[in-house]
Structure formats: C-alpha cells, structure tokens
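Q: I am new to this structure. Can you walk me through how to read its contacts, step by step?
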Amino acid sequence: MNTPIQFTVNGNRQSVDVPPMKRLLDVLREDLHLTGTKEGCGEGECGACAVLLNGELVNSCLVPALQAHGSRLCTIEGVSTEGQLHPIQQCFLERGGAQCGICTPGMILATHHLLDKYPNPTLEQIQEGLAGNLCRCTGYMRIFESVQQAANTISP
Amino acid sequence: MRSDVSLYDLSAPPSLDAALAILAKEPGKYTPIAGGTELMVALGVGRLVQHSLISIQHLRELRFIRVDDKAIHIGAGTTFTDIRRSQAIAEDLPLLIQSASWTGSIANQNRGTLGGNICNASPAADTPPALLAYGATVRLISASGTRTMPYSDFHLGYKKTVLRPDELLHSISVPRDFSDYRQYIRKVGTRNAQSISKIALAAIAKLEGDTIADIRLGAASLTDRPVRCSATEAALQRQRIDGANLDATVRAARAALATEAKPIDDIRSTAKYRAAVAANLLEEFLRSL
Ligand SMILES: Cc1cc2nc3c(=O)[nH]c(=O)nc-3n(C[C@H](O)[C@H](O)[C@H](O)COP(=O)(O)OP(=O)(O)OC[C@H]3O[C@@H](n4cnc5c(N)ncnc54)[C@H](O)[C@@H]3O)c2cc1C
Ligand code: FES
Ligand code: FES
C-alpha cells in the first residue's frame with residue numbers, strides 16, 4: 001500500500017505516493033529522477049548513496065521512505081548553486097579526487113558533513129569522516145588531498 | 001534478491017503510548033524499527049521476514065540522555081552520534097564512548113541506536129561489553145507497565161532476549177561513579193572502521209594497593225550472546241598483581257576464562273581463535289594495571 005510522503009529536497013517541496021518501506025535511495029532515483037545519488041552495495045557499507053537528512057549524513061539505502069517524511073534532504077544535485085560548483089566539488093576536480101565517479105556524490109556529501117563539524121579537519125578526522133565511503137579507483141590519497149584543499153579554500 | 005517493498009507495511013505512531021497500544025493489540029504482528037541499520041540491510045538482501053513494521057525512530061520519549069547523582073539514563077532511541085556528543089558520557093563512561101565510535105561509519109552512527117544494537121542481540125555487537133562491565137540495568141516498557149532488570153539478564157541466547165512481543169526497550173541506566181577504576185576496552189576485527197568484531201573485551205578494575213578489590217568483565221563473541229564473565233571475575237577477586245604474583249594471577253585468569261568461553265564458529269572467525277584472543281586481551285588488561 002502506498003503512503004503519501006512529503007519532504008524538502010534541495011530546497012524544493014516534494015510529495016510522493018510510495019510504499020512506506022521503499023528505500024529513500026529508490027524514491028530519489030526512481031520517483032524524483034535525482035540519479036546523482038548512487039547505489040553501490042545496498043547494505044550501508046559503501047556510502048555511495050549518502051545524502052544529508054536534516055543536516056546529518058545518512059545512507060539512503062537504509063532509510064525507509066516514511067522515516068524521511070517531513071525532513072529536509074540535500075542530495076548531490078543540491079550542492080552546487082546556480083551552475084557554480086561548490087568549492088568541495090571544485091577541489092575534487094582539481095586534485096583528482098574523482099575517477100569513475102561512482103563514489104563521488106557520497107564522498108562530497110560526507111565531506112560536506114565533515115567540514116560542517118570540523119572546518120579544519122586533521123587527517124585522522126578526514127579518515128574517520130570518510131571511512132564509510134568506499135572508493136575502488138583513487139586509492140584515497142587524492143580524495144584526502146581534495147578534502148584538505150576544500151577545507152583550506154572554505155576556511156582559510 | 002531484493003525484496004518487493006510493496007509487500008511491507010510501515011506506520012509511524014504519533015507517541016510511545018500509541019506504539020505500545022499497537023504492539024499490545026496484536027502481540028507479535030508488528031516489529032519495531034528504529035534506525036533501520038539492521039532491518040533495512042535484511043530488507044535489501046530479501047531476508048526481512050517481518051512484513052508489518054512500526055517506526056519508533058521519531059519518538060522523542062525514547063531519545064534522551066539524562067544524568068542524575070547515581071546514573072546516566074539513556075533512551076533506547078539514542079543514536080551513537082548522540083552518545084558521542086554527550087559530555088557526561090565522555091566523562092563518566094569512556095568505554096561506552098569508545099564502543100559507540102566503533103559502531104560502523106559516521107552515516108551509520110547518525111542513524112543506528114543503542115536500543116537497536118542491544119535488541120538486535122548479535123553476540124558481536126559493540127556496545128554490550130561496555131554496558132556489561134559497567135553493570136547497566138535495562139528498563140522494558142509495554143502497555144501494561146514497565147520492568148527493570150540487570151542488563152546481564154537480558155540476553156537469553158543467540159539472537160534471543162527476554163523482550164516480549166508487546167514490549168519495547170525503553171532505556172538503559174548506567175551507574176556513573178567509576179572514577180577510581182582502571183578501564184579498558186579493545187575490539188579485534190579486520191579493519192578499524194565498521195568491521196564487526198571477531199572478539200571484544202571491556203574491563204574495569206579497582207585496586208587496593210596490589211590487590212584487585214573489584215573487577216568486571218564484559219565480552220562480545222565469547223559465547224552465543226554478549227556476556228559478563230562472572231567466573232573469571234570471581235577467580236580474580238582479591239588476587240595480587242605485584243611483580244611476584246602477576247604471572248600466577250594471569251594464569252588463573254586465563255584458566256577461568258577458558259571455562260566460560262564458548263564462542264561460535266562463523267564466517268568472521270573460529271571458536272578457537274576467539275577463545276585464544278579473548279585470553280590475550282584479558283592478559284593485556286591485567287598486565288596494564
Ligand atoms: C555498514 C554497517 C556497519 C555496522 N557496523 C557495526 C559495528 O561495527 N558494530 C555493531 O555493533 N553494529 C554494527 N552495525 C549494526 C547496526 O548499525 C547496529 O546494531 C545498530 O545499533 C542497530 O540500531 P538500529 O536502531 O539501526 O536498529 P534497527 O535496524 O532499527 O533494529 C534492530 C533490531 O532491534 C529491534 N529494536 C530496535 N529498537 C528497539 C526497541 N527500543 N525495543 C525493542 N526492539 C527494538 C528491532 O525490532 C530490530 O529487531 C553495522 C551496520 C551496518 C549497516
Ligand atoms: S548503497 Fe547505500 S551504503 Fe552502499
Ligand atoms: S572514483 Fe571510482 S569508486 Fe571512487
């Protein structure tokens with residue numbers, strides 16, 4: 001049975017009529033066509049599906065749609081503003097923090113969450129903040145450098 | 001294979017009382033879901049057998065950290081992130097903070113709850129050893145009332161607890177005065193971040209000179225459920241840890257632990273490895289005193 005669910009995604013109010021246990025990941029991709037959020041494992045291990053829910057980093061593959069009712073969501077599509085890349089995105093581009101790009105939306109949102117908490121994170125804080133985001137391409141060093149550069153750009 | 005989500009039902013009762021009334025009306029029909037970091041994984045791989053769920057994730061009545069003179073009371077719906085942000089828990093219960101920080105990634109800690117960690121009743125869960133060592137009590141609630149008991153009586157077997165189908169875990173209360181105790185916790189897994197432990201030990205001990213005046217041990221994966229190691233604790237009471245006696249005390253501790261170690265064999269490790277490493281952790285703690 002479907003349930004009406006409302007939330008705000010990237011500043012826009014959205015209503016969907018979906019099974020309440022539908023994964024938030026699938027609501028975003030299938031019902032709202034926001035395909036920037038990726039699916040890797042579907043088990044909470046890889047962070048490719050990470051979004052911000054009321055400002056907190058969550059894996060959308062583990063959130064039933066109903067639990068997002070009334071919330072404020074931010075997906076990768078909401079990170080840039082008016083066609084301008086966010087400094088985090090710019091730094092990932094410049095530093096080679098993205099290769100195939102599957103992990104990148106989750107990495108960017110995890111970085112967002114991290115820099116909200118620690119504007120000038122230590123390497124250890126970066127490693128902990130991104131430990132739930134797996135990357136098969138970069139070997140992580142360029143990702144850590146991208147995060148460090150983003151921190152320096154945003155809070156010099 | 002992925003589950004067909006249209007076959008599952010989920011509602012969000014407006015209050016704790018409303019949730020308890022639903023559970024009481026048809027006991028066993030509904031399964032509570034909190035942060036979903038266990039149940040949604042089961043859903044994703046097509047193994048979620050319960051088809052009617054009620055969300056307790058939004059219930060304010062279950063999400064609190066209250067401190068009084070004697071104890072810190074933590075609502076079952078408190079997330080690991082809430083725990084890590086609590087100054088009171090950081091000061092009084094460092095082992096709980098440490099175990100919360102091990103429980104999966106930041107995204108998991110933002111959703112996963114202390115109540116879900118306990119009620120899921122995995123022998124390998126991260127917070128139970130600390131709660132057992134600290135001598136926590138649990139409060140269970142249903143439409144017909146509440147009951148409290150030592151947390152060490154909560155687990156009955158592999159994935160089995162005393163919770164009745166009409167009951168929820170309400171909160172966990174942890175005594176707070178351990179300032180004169182030495183405290184230790186260690187988890188052995190494959191990777192620091194979000195790996196399920198092969199074995200874990202939490203230990204606290206109070207010394208009088210060179211003599212152990214009190215010692216409490218909680219372990220994960222040492223048996224089919226999280227356990228307090230009472231036989232080993234008894235064997236260590238009043239034992240001496242000065243240079244001349246330390247080796248004998250360590251030997252006695254290892255022997256006692258062997259009697260109560262009944263680990264399971266599973267994909268993460270073997271029973272033999274688990275028993276051996278648990279004894280090594282206990283020895284590491286005793287030699288650090
Ligand atoms: C990638 C990943 C890594 C993880 N790593 C770890 C780890 O390192 N260590 C670890 O210990 N765990 C780990 N977990 C497991 C999980 O995150 C924790 O067990 C978490 O505490 C579960 O809480 P929850 O609220 O999300 O549970 P849910 O999935 O909502 O519920 C779990 C179970 O508890 C029951 N339940 C929940 N709340 C109550 C209540 N108040 N009363 C009665 N029953 C209740 C539910 O019915 C269900 O059976 C990991 C999970 C994932 C996905
Ligand atoms: S797809 Fe959600 S964590 Fe991997
Ligand atoms: S860039 Fe390919 S997985 Fe990270």
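A: Start with one term. A polar contact is a pair of N or O atoms within 3.5 Å. Keep in mind that this is a predicted model. Now apply the term to ligand 1. One of its oxygen atoms is 2.6 Å from an N or O atom in the side chain of B:Glu38. That distance lies within the 3.5 Å cut-off, so the pair fits the term.

Q: Which backbone atom has an oxygen atom of ligand 1 at 2.9 Å?
A: A polar backbone atom of B:Leu39. A side chain comes in as well: B:Asn117 places a polar side-chain atom 2.9 Å from an oxygen atom of ligand 1.

Q: Where does ligand 1 lie?
A: Between chains A and B. Read its surroundings next. Ligand 1 is surrounded by 35 residues. The closest are B:Pro32, B:Ala34, B:Thr37, B:Glu38 and B:Thr113. B:Glu38 is the residue from the 2.6 Å pair.

Q: How many residues of chain B are in contact with chain A?
A: Contact here means heavy atoms within 4.5 Å. By that rule, 32 residues of chain B touch 29 residues of chain A. Then look at area. About 2,500 Å² is buried between the two chains. Carbon and sulfur atoms give 56% of that area.

Q: How many salt bridges does the rule find across the interface of chain B and chain A?
A: A salt bridge needs a side-chain nitrogen of Lys or Arg within 4 Å of a carboxyl oxygen of Asp or Glu. The rule finds two across this interface. In one of them, the side chains of B:Arg84 and A:Glu128 meet, with 2.9 Å from N to O. Polar contacts are counted too: eight residue pairs, both partners at pLDDT 80 or more.

Q: Which elements of chain B each supply at least two residues to the side that touches chain A?
A: Two strands and three helices to find: β1 (9–11), β3 (52–55), α2 (39–44), α3 (80–85) and α6 (106–111) of chain B. Of these, α6(B) gives the most, with five residues. Sort that side of chain B by class, and you get 15 nonpolar, twelve polar and five charged residues.

Q: What domains does the assignment give for each chain?
A: Chain B has domain 1 (5–55), domain 2 (60–175) and domain 3 (182–288). In chain B, the C-alpha centres of domain 1 and domain 3 lie 37 Å apart. Chain A has domain 1 (3–78) and domain 2 (87–154). For chain A, the centres of domain 1 and domain 2 are separated by 21 Å, taken over C-alpha atoms.

Q: How many residues of domain 1 of chain A are in contact with domain 2 of chain A?
A: Use the same steps inside one chain. In chain A, 15 residues of domain 1 are in contact with twelve residues of domain 2. These domains bury about 1,100 Å² between them, 66% of it on carbon and sulfur atoms. A:Leu52, A:Leu57 and A:Ile76 supply 41% of the area that domain 1 buries, more than any other three residues.

Q: What is the count of salt bridges between domain 1 of chain A and domain 2 of chain A?
A: Zero. The rule does find four residue pairs in polar contact, both partners at pLDDT 80 or more. On the domain 1 side, β3 (50–53) and β4 (56–59) of chain A give two or more residues. β3(A) gives the most, with three residues. By class, this side has eight nonpolar, four polar and three charged residues.

Notes:
Residues numbered from 1 in each chain as written. Chains lettered and ligands numbered in written order. Predicted model: local features only at pLDDT ≥ 70, side-chain atom pairs only at ≥ 80, totals over all residues. Heavy atoms only, no water. Domains from an automatic or database assignment. Buried area = accessible area lost by both parts, 1.4 Å probe. Polar contact = N/O pair within 3.5 Å; in protein donor to acceptor, adjacent residues only side chain to side chain. Helix = DSSP H or I, 4+ residues; strand = E, 2+ residues; numbered from the N terminus. Nonpolar A, V, L, I, M, F, W, Y, C, P; charged D, E, K, R; others polar. Near = heavy atom within 4 Å.
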